[in-house]
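Student: I would like to learn how to read a model of this kind, going from the overall make-up to single elements. Could we take it one feature at a time?

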Amino acid sequence: MSYSVGQVAAFAGVTVRTLHHYDEIGLLSPSERTHAGYRRYSEPDLDRLQRVLFYRKLGFSLEEIAAILDEPGVDALTHLRRQHELLRRRIVRLTEMAEAVETAMEAQIMGISLTPQERFEVFGDFRPEEYAEEVEERWGGTDTFEQSRRRTSSYTKEDWLRITTEAAEALAGFAAAYEAGVPADGEQAMDAAERHRAHISRWFYDCGYEIHKGLGELYVSDPRFTANYESTAVGLAQYVRDAIHANAGRRS
């Protein structure tokens, strides 16, 4: 069975002119001709065209494709294996590119305008971008969200280093009170909560007491936040939540 140039063009999604060009340069010459001289393509011709188009999509030049397809001793199965490997590599590259773009988008949402190396120097293995989607879902479009993104978008690596240092100091304040046996509504614990609230207000957004209480609830309801405190001391997440509530109560 053979096919006309128009049929093949329709099958392959190429133009008749393209097929004529492939014929002229010897890349794909139809196996048959009618008595009137019209091109007719056989099934093996279509197989070759499929390989030509595949390699074209991968960025190979027509000259390179001709050399690949006409390589002595290379059968159809070898080409399929080669195509599979090329596709696998392309998938890996595209996946890496997609992840890089997603990370950039997430970092933009979080307002983190740092290079990958700077983010590693500041945050280490922690990736704040992982919280970007949830942050936008919870607070996207709110004044608090916009205020935080506006502020953080201008922060330098040095600013973020100061922020992470202060955050560590705030955590240490909670931990010290907890380990000393101070109750969550004790003065030392509530002072630690107030320093924590002030830290957020200074660097991110105006964190009122109700907002701060909401964060406290998040620390015990979201396993990721809970784990951050529990890695310092078992039970610390609940203690921080209670200290935040106690501090808000004494300020009301």
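The dialogue below goes from the whole chain to the sheet and then to two helices.

Student: What does the secondary structure of the protein chain come to?
Tutor: One starts by counting elements, keeping in mind that this is a predicted model; here the protein chain has 13 helices and three strands. Of its 252 residues, 38% are buried, and the accessible surface comes to about 14800 Å², of which carbon and sulfur atoms contribute 54%. Among contacts with a separation of 6 or more, 59% link residues that are 24 or more positions apart.

Student: In what order do the three strands form the sheet?
Tutor: A sheet is read strand by strand, and in this open sheet the order is β1-β3-β2, with antiparallel pairing. Because β1 (3-4) and β2 (32-33) each have a single partner strand, they stand at the edges, and one side of each is left without a neighbour in the sheet. Between β2 and β3 (residues 39-41) there are two bridges, and R33 has R39 in β3 as its bridge partner.

Student: Which helix lies across β1 and β3?
Tutor: That is α3 (residues 43-57), which runs at about 80 degrees to β3. A simple check on a helix is to compare its expected span with the distance between its ends: the 15 residues of α3 should span 21 Å at 1.5 Å a residue, and the end C-alpha atoms are 21 Å apart, which agrees. The buried residues of α3 include L46, L49, V52, L53 and F54, but also D45, R48 and R51. After α3 comes G59, with a positive phi near 95 degrees.

Student: How many residues does α9 have, and what should they span?
Tutor: The same check applies, since α9 (residues 157-179) has 23 residues that should span 33 Å at 1.5 Å a residue, and its end C-alpha atoms are 32 Å apart, which agrees. Among its buried residues are D159, W160, I163, E166 and F174, while G181, just after α9, takes a positive phi of about 80 degrees.

Student: At roughly what angle do the axes of α9 and α13 cross?
Tutor: For a pair of helices one reads both the approach of the axes and their angle: the axes of α9 and α13 (residues 236-251) come within 10 Å and cross at roughly 100 degrees. The two helices are therefore roughly perpendicular. On the α9 side the contact is made by L171, F174, A175, A177 and Y178, and on the α13 side by L236, Y239, V240 and A243. Three of these α9 names, F174, A175 and A177, also appear among the buried residues of α9.

Technical notes
Residues numbered from 1 in each chain as written. Predicted model: local features only at pLDDT ≥ 70, side-chain atom pairs only at ≥ 80, totals over all residues. Heavy atoms only, no water. Pairing = 2+ DSSP bridges. Helix = DSSP H or I, 4+ residues; strand = E, 2+ residues; numbered from the N terminus. Contact = heavy atoms within 4.5 Å. Axes fitted to C-alpha atoms, helices over the stretch in contact; angles between N-to-C directions. Buried < 20%, exposed > 50% of the residue type's maximum accessible area, 1.4 Å probe, protein only. Areas by Shrake-Rupley, 256 points an atom, 1.4 Å probe, with all protein chains shown as cover. Expected span 1.5 Å × (residues − 1). Parallel < 35°, antiparallel > 145°, perpendicular 65-115°, else oblique.
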